[in-house]
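Me: I would like to go through this model by question and answer, beginning with its aromatic rings and then turning to its pocket.

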Amino acid sequence: MHLHGYSFYVVGWGLGNFDPKKDPANFNLIDPPLQNTIAVPKNGWSAIRFRAKNPGVWFMHCHIERHLSWGMDTAFIVKNGGPPNTHLLPPPPDMPRC
């Protein structure tokens with residue numbers, strides 16, 4: 001899986017179904033690897049963590065094209081934050097209106 005617009009920390013992964021009661025206890029929250037692509041194990045899961053501070057719509061998808069038609073993609077909508085450096089820039093003044 002690949003996430004546009006961000007790098008993320010891989011805090012855990014496992015085989016089978018994710019168990020929300022047991023699996024988080026094994027997360028690496030001290031020194032997780034920083035990546036923008038991760039191989040998710042077959043019949044398994046991966047847990048990532050990132051701070052959503054880059055406004056926009058960011059696509060996360062599998063790099064195997066056929067998997068997109070199977071629904072292995074999503075989009076994160078990140079709204080403007082508080083400080084000005086976390087706002088989308090306005091469109092250029094000469095951009096035609098829709």
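Me: Which residues do ring pairs link into a cluster?
Reply: In this predicted model, a search of the whole structure finds 6 aromatic pairs. Ring pairs join four residues into a cluster, namely Y6, F50, W58 and F76.

Me: How is the aromatic pair of Y6 and W58 arranged, and how many residues apart are the two?
Reply: The ring centres of Y6 and W58 are 6.2 Å apart and the planes meet at 80°; because planes over 60 degrees apart count as edge-to-face, the pair of Y6 and W58 is edge-to-face. Y6 sits in the loop between β1 (2-3) and β2 (8-15), whereas W58 belongs to strand β5 (residues 56-61), so that this pair links distant parts of the chain, 52 residues apart.

Me: Is Y6 buried or exposed?
Reply: Y6 has a relative accessible area of 10%. Since buried means under 20%, Y6 is classed as buried.

Me: What is the geometry of the pair formed by F50 and F76?
Reply: The ring centres of F50 and F76 lie 5.5 Å apart, and F50, in the loop between β4 (44-49) and β5, is 26 residues from F76 in strand β6 (residues 73-78). F50 is partly exposed at 24% relative accessibility, and F76 is likewise partly exposed at 29%. The planes of the two rings stand at 85°, so the pair is edge-to-face.

Me: How do the residues lining the largest pocket divide into nonpolar, polar and charged?
Reply: The largest pocket holds about 190 Å³ of space, and its lining consists of M1, I38, A39, V40, C62, I64, H67 and M72. These lining residues divide into 7 nonpolar, 1 polar and no charged.

Conventions: Residues numbered from 1 in each chain as written. Predicted model: local features only at pLDDT ≥ 70, side-chain atom pairs only at ≥ 80, totals over all residues. Heavy atoms only, no water. 1 Å grid on protein atoms, 1.4 Å probe; cavity = no way out; pocket = protein on both sides within 12 Å on 5 of 7 lines; lining within 4 Å. Points joined across faces, edges and corners; volume = space filled by probe spheres on them. Nonpolar A, V, L, I, M, F, W, Y, C, P; charged D, E, K, R; others polar. Phe/Tyr/Trp six-rings, centres within 6.5 Å; stacked < 30°, edge-to-face > 60°. Helix = DSSP H or I, 4+ residues; strand = E, 2+ residues; numbered from the N terminus. Buried < 20%, exposed > 50% of the residue type's maximum accessible area, 1.4 Å probe, protein only.
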